[in-house]
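Here's a quick walk through a few spots worth finding in the viewer. Have the sequence open alongside as you read.

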Amino acid sequence: MSFVTVTDVFQSYGRRPIIERINVSIDEGEFISIVGASGCGKSTFLRLLLAQERPMRGEISIDGAPPAREPGLDRGIVFQRYSVFPHLTVRENVVAGECLRTRWGRFFGAERKAARARADEVLARCGLDHVAGQYPATLSGGMQQRLAIGQALAAKPRVLLLDEPFGALDPGTRLSMHDFLQDLRAETGMTVFMVTHDLEEAFKLGDRVLVFDKHRWDPHDPNAYGATITYDFDARDGGIPFQTLQEDTNVFHAT
Amino acid sequence: MRLINIKPGRPLAVFLALLPFAAVFIAYAVGSEIRLAANPSDKLLPAPSTIGETAMRLMTEPDRRSGRILFWHDTWASLKRLGLGIGISALFGMIIGLLIGILPLIRSFLAQFVAVLSMIPPLALLPILFIIFGLGELSKVVLIVVGTLPFIIRDLSQRTLEIPQELLVKAQTLGASSGVIALRVALPQVMPRLIQAVRLSLGPAWLFLIAAEAIASDLGLGYRIFLVRRFLAMDVILTYVIWITILAFLIDWLLRWTARRFFPWAEDGL
């Protein structure tokens, strides 16, 4: 049973179509990498998934629920920048993942203490426990992104959306963030969508890689057509699941 | 070496900072000296020592008629009006600015209206305020509010709009309601900007205060200056001007300190 269902989604800004005829269904727990050239509607698609925008036509539903009208608790997001609150300390940022949904947006008394203890666990998991009392501006880019992911996970969303989360990081930090993300995924088994420019990253982390591109191209009017999903790769086992399948079925296993 | 790369060391920086103050003082002292040499009873440029004596007299000796030390009463009356006016402006500026910035409905409703209101020269309204609110405290406070509120509203709504959209979306994905977003995400982030806006508004606020006091009052720093103008009492006027400058500087410094103390994360914005 598909978990996230995207049916016939179109989106255009003004008279300029951005994406057209997107049909895809995603199972719960899948890691979807989304790649494509700049301006090919990857981020637009992510905004539609987030319900920050609503599609002109078609609909996106999660777990059979009616299409969302605005961003909500079931979808978490990590942007490339500006994902953490600059006016809260690192620990409070993680607590915010739980407390913003309450009536006054904060916890009091024992509840507050418990939330802080839970936040400290999350921070230890993210390797940020030594900077819990600092403000995000004092952290490096990689630490800020780890914090943003920790904060998003503290809210326990059903779908996690990542918009070029590691785009601004240096290669070394990026590799350690991959490990961090893979560990988290192994633990939580969450459904993840990640937009990236880095093909290697997309295939390394993703179960499926969706490629966005324009399938029609008018040289006299490059904006005439929108992009759609042109390839849908199975990226498990380094992108060669078919061979694994053969190995499994035709090779005798001595067990 | 290029001029833009030459940075003064600590002692030179202090010396350069003090230099203009010393230059103005010396220029005044010399001018005063020349005039007093020609005419010992000259009132236009009293000697610095005369100003010092006048200041001491004003600050310590009670008025013969009322028995009060008018200097401090003037100061208190003026600061009360200023504080009340700026305080009301800051409070309403914050609320309205935040609402305009965060709610598209209120933005459509009020933004243009405030933009037009802010173009009215407040001093042109002063006679109307005197007619409506009388010559008492109220009209002076209202003048300061009218003069500074539109600016604070516009500044704060602009700053609220400048909060990255990502943060507002993020707060929504964490389940925050509009109220929680306003109170816990937007408000804390524009608070340092509010203090900046108040600092910038203090100049106009003093202007409106002194203008209102000069026209109709019986106590206040501006009133006193315009009163003793009739007697050409330059020593009193200069004492009051210096005192107002010191007060304005101290308030500004205090506000900056407050912003740094309570909003350490906004370092680069201050």
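Let's start with B:R261: this residue counts as exposed because just 8 other C-beta atoms lie within 10 Å, and the cut-off for exposed is 12 or fewer. Keep in mind that this is a predicted model. You'll find B:R261 in helix 10 of chain B, which covers residues 234-262. If you want a distance to check on screen, try B:R261 against B:T173: they sit 88 residues apart in sequence and 31 Å apart in space, going C-alpha to C-alpha.

Now for the place where the two chains touch. Chain A puts 25 residues into the contact, and chain B puts in 19 residues. On the chain B side, the elements that give two or more residues are helix 7 (165-173) and helix 8 (178-215). Helix 7 of chain B supplies the largest share of that side, with 7 residues. Here's how the chain B side splits by residue class:

| Class on the chain B side | Count |
|---|---|
| Nonpolar | 12 residues |
| Polar | 4 residues |
| Charged | 3 residues |

Over in chain A, have a look at helix 1, residues 42-50. How many of its 9 residues are buried? The count is 8, so the helix is mostly covered by the cut-off of 20 or more other C-beta atoms within 10 Å. The buried set takes in A:K42 and A:R47, along with A:T44, A:F45, A:L46, A:L48, A:L49 and A:L50. Just past the end of helix 1 of chain A comes A:A51, with a positive phi of about 70 degrees.

Technical notes:
Residues are numbered from 1 along each chain as its sequence is written. Chains are lettered from A and ligands numbered from 1 in the order in which they are written. This is a predicted model: local features need pLDDT of at least 70, side-chain atom pairs count only at pLDDT 80 or more; totals for chains, interfaces and linings use all residues. Two residues are in contact if their C-beta atoms, placed from the backbone, lie within 7 Å. Helices (H or I, at least four residues) and strands (E, at least two) are DSSP runs, numbered from the N terminus. Ala, Val, Leu, Ile, Met, Phe, Trp, Tyr, Cys and Pro count as nonpolar, Asp, Glu, Lys and Arg as charged, and the others, Gly among them, as polar.
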